[in-house]
Amino acid sequence: MIKHNAILEVNLKNLAYNYKKLSSITNQSICAATIKADAYGIGVIKTFETLYKNRCRHFFVATTEEALEIRNKKSLANVYVLNGLENNELSIFNKNNIIPIINDKNEYDFVNKNIKKNKKLKFGIHIDTGLNRLGLNPNDLLKIISDQNKIYILISHLSSADEGKNYYNIFQNKKFQEAINLKVNAKYNSLSNSMGIILGNNFHHDLVRPGISLYGGHFNTKMKKIIKPVIS
């Protein structure tokens, strides 16, 4: 019987290069890293360790389970869970210094009701600017602001960032700025994913969240000339 013998090679030097290069492009903003789904399949722990050594201090994952895996390795990095609470008790986030991104009003109401018992809890808010997949609408955001809870990070997500000339990018950025102007007073505001980075400085805000570009993905945009391939 012939056994399968495919090998995936991961170039950690190029991973570090890509992070440094994207950081230099967004030098007026913080460059985070999206390492969800086992760092897009290349291995989350090695990826995390490599990026942390290269001064990345903000990491976005999908699930609480992923966040706990990282937290066991390092206590100083900021780790954000894009899927929100996932029906977990707030004590898990509070105890392990993990930052859930709240995606709907019901989740926020739960946080608001229990935050006094979890005084160290940091949380973020996802505002829907037009992707229509996740996030609170602006009317919900207005209600939240009146509660005076400190929001650690306000995020949204571009739907067409790989289409550089798509007007919808401008539309979403305008909607996100309108949300910021409501005086949310989050510590960080973050809109841009990988391709959002090459749309221009006005899309960068306080923090950018590259994912696929860290690993060599470029969608045949001008990103192709900026980054190096990580896997072969």
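Visitor: Which handedness does the β-α-β unit made by β3, helix α4 and β4 have?
Guide: Keep in mind that this is a predicted model. Here β3 and β4 pair in the parallel sense, over four bridges. Helix α4, residues 64-71, joins them in the unit, and the β-α-β unit comes out right-handed.

Visitor: What is the bridge partner of Phe-59 in β4?
Guide: Phe-59 sits in strand β3, and β3 pairs with β4 in the parallel sense. Look across to β4 and you'll find the bridge partner of Phe-59, Val-79.

Visitor: And on the β2 side, which residue of β3 is the bridge partner of Ala-33?
Guide: Strand β2 covers residues 33-34, and β2 pairs with β3 in the parallel sense over two bridges. For Ala-33, the bridge partner in β3 is Phe-59.

Visitor: Are the residues on the two faces of strand β3 buried or exposed?
Guide: In a regular strand, side chains alternate between the two faces of the sheet. In β3, residues 58-61, one side carries His-58 and Phe-60, while the other carries Phe-59 and Val-61. Both faces are covered, and all four of those residues are buried.

Visitor: How many aromatic pairs does the structure hold?
Guide: A pair of aromatic rings is described by the distance of the centres and the angle of the planes. The count for this structure is eight.

Visitor: Why is the pair of Phe-48 and Phe-59 called tilted?
Guide: The ring centres of Phe-48 and Phe-59 are 4.6 Å apart. Stacked needs planes under 30 degrees apart and edge-to-face needs over 60. The planes of Phe-48 and Phe-59 are at 55°, so the pair is tilted.

Visitor: Where in the chain does Phe-48 lie?
Guide: This pair links distant parts of the chain, with Phe-48 and Phe-59 11 residues apart. Both residues are buried. Phe-59 belongs to strand β3, and Phe-48 lies in helix α3, residues 44-53.

Visitor: Is the pair of Phe-60 and Tyr-80 stacked or edge-to-face?
Guide: Phe-60 is in strand β3 and Tyr-80 in strand β4, so the pair ties together parts that are 20 residues apart in sequence. Both of these residues are buried. Their ring centres are 4.3 Å apart and their planes are at 10°, so the pair is stacked.

Visitor: Which residues do ring pairs link with Phe-60 into a cluster?
Guide: Tyr-80 is one of them, through the stacked pair with Phe-60. The full cluster linked by ring pairs is Phe-60, Tyr-80, Tyr-152 and Tyr-188.

Visitor: Which residue has its charged end over the ring of Phe-60?
Guide: There's a similar topic elsewhere: the charged end of Arg-57 sits over the ring of Tyr-52, 3.7 Å from its centre. Over the ring of Phe-60, at 5.8 Å from its centre, sits the charged end of Arg-209.

Visitor: Is Gly-84 buried or exposed?
Guide: Gly-84 is found in the loop between β4 and α5. Leaving out residues up to four places away in sequence, Gly-84 touches Thr-64, Phe-93, Pro-100, Ile-101, Asn-103 and Glu-107. Buried means under 20% relative accessible area. Gly-84 has 0%, so it counts as buried.

Visitor: Which backbone oxygen does the side chain of Ser-192 reach?
Guide: Ser-192 is in the loop between β8 and β9, and Ser-192 is buried, with a relative accessible area of 0%. Setting aside neighbours within four places in sequence, its contacts include Leu-158, Phe-203 and Arg-209. The side chain of Ser-192 reaches, at 3.4 Å, the backbone oxygen of Gly-196.

Methods. Residues are numbered from 1 along each chain as its sequence is written. This is a predicted model: local features need pLDDT of at least 70, side-chain atom pairs count only at pLDDT 80 or more; totals for chains, interfaces and linings use all residues. Side-chain values use heavy atoms; hydrogens and water are left out. Buried means under 20% relative accessible area, exposed over 50%, partly exposed in between (1.4 Å probe, protein chains only). Contact means heavy atoms within 4.5 Å. Two strands pair if DSSP finds at least two bridges between them. A crossover is right-handed if, with the strands pointing away from the viewer, the path from the first strand over the helix to the second runs clockwise. A polar contact is a pair of N or O atoms within 3.5 Å; within protein, one must be able to donate a hydrogen and the other to accept it, and residues adjacent in sequence count only if both atoms are side-chain atoms. Rings of Phe, Tyr and Trp (its six-membered ring) pair if their centres lie within 6.5 Å; planes under 30 degrees apart count as stacked, over 60 as edge-to-face and the rest as tilted. A charge sits over a ring if NZ of Lys or CZ of Arg is within 6 Å of the ring centre and within 35 degrees of the ring normal.
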